[in-house]
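Here's a quick walk through some local features worth a look before you set anything up. Have the viewer open and follow along.

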Amino acid sequence: MSSSVPRLVIAAPSSGSGKTTVATGLMAALAGRGLAVSPHKVGPDYIDPGYHALATGRVGRNLDAYLCGPELIAPLFLHGARGCDIAVVEGVMGLYDGAAGEGELASTAQVAKVLRAPVVLVVDASSQSRSVAALVHGFVSWDPGVRVGGVILNKVASDRHEELLREALDSVGVPVLGVLRRAAPVETPSRHLGLVPVAERRTEAVEAVAAMAAQVEQGCDLEALLQLARGTGALSGAAWDAAEVLASSPPPPLPVPTVGTAPPDPRFRPERPRPQTPDRQVVALAGGPAFTFSYAEHSELLVAAGAEVVVFDPLRDEQLPDNTAGLVMGGGFPEVYAAELSANEPLRKAVVALADTGAPVAAECAGLLYLCRELDGRPMCGVLDATARMSERLTLGYRDAVAVGDSSLAVAGTRMRGHEFHRTVVEPGSGAAPAWGVRAPVRRVEGFVQQGVHASYLHTHWASEPGVARRFVERCRTS
């Protein structure tokens, strides 16, 4: 089985060169021409895919060779690109930057080679002229397996500056496919963890994406970019499919009770019956501005395992969805919305009541903070006997992890790879029954397992271990 979907990878020599502007603008410009555009992002980043989705009207998907393994890159890409006219993949960091100490693993270059896709290099030309040729030549020649099919020059000051840059690049033999002027900035505000997510600034984000599209339309040769994308060969292999993956994997062991149960906050002990849905278990998925970090494949795996996934907003909804049998809370920015989350006491009580029944609760990063007693001094759910606070220190990096004990997600010994990205601290960092043993940067245990709760700072990609979704849904049925 093979697919010949046209595809491009938008990369750069380093972060801050403008690849998000170019990639998102290109996606929007192509979609504006009536093309079905499949948006992808190299690496674990959740925020850029939100802008990609806004530009294309399709789910933004990640391609992370560290979290999922290189063998899943092509299948996940083909899954996202089904039925599309073209796929645009935004890179991460510099073209050849990947997981620290792991060579090319998880780099944009590795993904481009796996996908057999040409690379368009976005170069910040603001402080150079002839030197641009040496820079581009180095990136073109570094790895013969990476095909750099063209260059887009960003932050060009004037017509004369553009002329000097083009003259220099003539000697490299790489075509200039676009020139973006230093004027016409696109407003995409940032804060402590990067761009502000689309869900928090919907109107402004729409305007920003439109401005990116206009910038790319005006400054880039869209026909040449399309021709480059259409020149890619067929990509062999089958597309990833959640139902097929679960059907081909062994069934999970029956869920077992876990130790380390902390007494719930006595203020939040209302009895709340949880009627079961006979055929499909209702899994509530936290969304809205405070919980924007979620991989689409998680929901797809839950549905394939027999769940009905219902999104709710912890900022506004005062109750969990009807018949909730399990709860999934991914990452986001609860620290920004601590006051609003704390003020929604009815929902906090509902979360405690659900956890008290032993129902499965999977919480990553933001979800972990929400389950603590307090965040920056404001009351949270109190499911976990821990406190959370903002910190000046950024915790960032890939992690190798192993499940310390049995939980609603995994059996003891299950190995997964994850990613940490936060400026908060939870004290203590683990419970009587930790969630994970983490190997790097130092050996430690991390997170909390109690009753059906699995809470951790670690962001994981369930496509790498699809059995966790089936185990979670099975726990929904039996708890």
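Is C220 buried or exposed? C220 counts as buried, at 9% relative accessibility. Bear in mind throughout that this is a predicted model.

## Cysteines

If you're wondering about cross-links, a search of the whole structure turns up zero disulfides. As a reminder, a disulfide is a covalent bond between the sulfur atoms of two cysteines.

Take C381. The closest cysteine sulfur to its own belongs to C372 and sits 9.5 Å away, which is too far for a bond; the cut-off for a disulfide is 2.5 Å. C381 is also buried, with a relative accessible area of 0%.

## Strand β23 and its neighbours

Strand β23 covers residues 453-456, and its side chains split two ways: V453 and A455 point to one side, H454 and S456 to the other. Whichever way they point, all of these residues are buried.

Which strands pair with β23, and in what direction? Strand β15 (residues 361-364) runs parallel to β23 and is joined to it by four bridges. Strand β22 (residues 448-450) runs antiparallel to β23, with three bridges between them. A455 is a handy landmark here: A363 stands opposite A455, and so does F448.

β22 and β23 also make a hairpin, with two residues between the strands. One turn residue to click on is Q451, whose phi is positive at about 50°.

## Helix α13

Helix α13 takes up residues 345-356, so to speak a run of 12 residues. From its first C-alpha to its last it reaches 16 Å, close to the 16 Å expected at 1.5 Å a residue.

Buried residues in α13 are L347, R348, A350, V351, V352, A353, L354 and A355. Note that an arginine, R348, is on that list. Just after the helix comes G358, with a positive phi of about 90°.

## Backbone oddities

Most residues other than glycine have a negative phi, and most peptide bonds are trans. With that in mind, here are some spots to check.

R116 is not a glycine, yet it has a positive phi of about 55°. You'll find R116 in the loop between α5 (108-115) and β6 (119-124). At 53% relative accessibility, R116 counts as exposed, because the cut-off for that class is over 50%.

C365 isn't a glycine either, and its phi is likewise positive, at about 55°. This cysteine is in the loop between β15 and α14 (366-371). Unlike the exposed R116, C365 is buried, with a relative accessible area of 5%.

Then there's the peptide bond from E427 to P428, which is cis, with omega near -5°. P428 belongs to the loop that links β19 (415-427) to β20 (436-438).

## A polar contact at T324

What does the side chain of T324 find 2.6 Å away? A polar atom of that side chain lies 2.6 Å from the backbone oxygen of P321. The cut-off for a polar contact is 3.5 Å.

T324 is part of strand β14 (residues 324-329). At 1% relative accessibility, T324 counts as buried.

How values were computed. Residues numbered from 1 in each chain as written. Predicted model: local features only at pLDDT ≥ 70, side-chain atom pairs only at ≥ 80, totals over all residues. Heavy atoms only, no water. Buried < 20%, exposed > 50% of the residue type's maximum accessible area, 1.4 Å probe, protein only. Pairing = 2+ DSSP bridges. Expected span 1.5 Å × (residues − 1). Polar contact = N/O pair within 3.5 Å; in protein donor to acceptor, adjacent residues only side chain to side chain.
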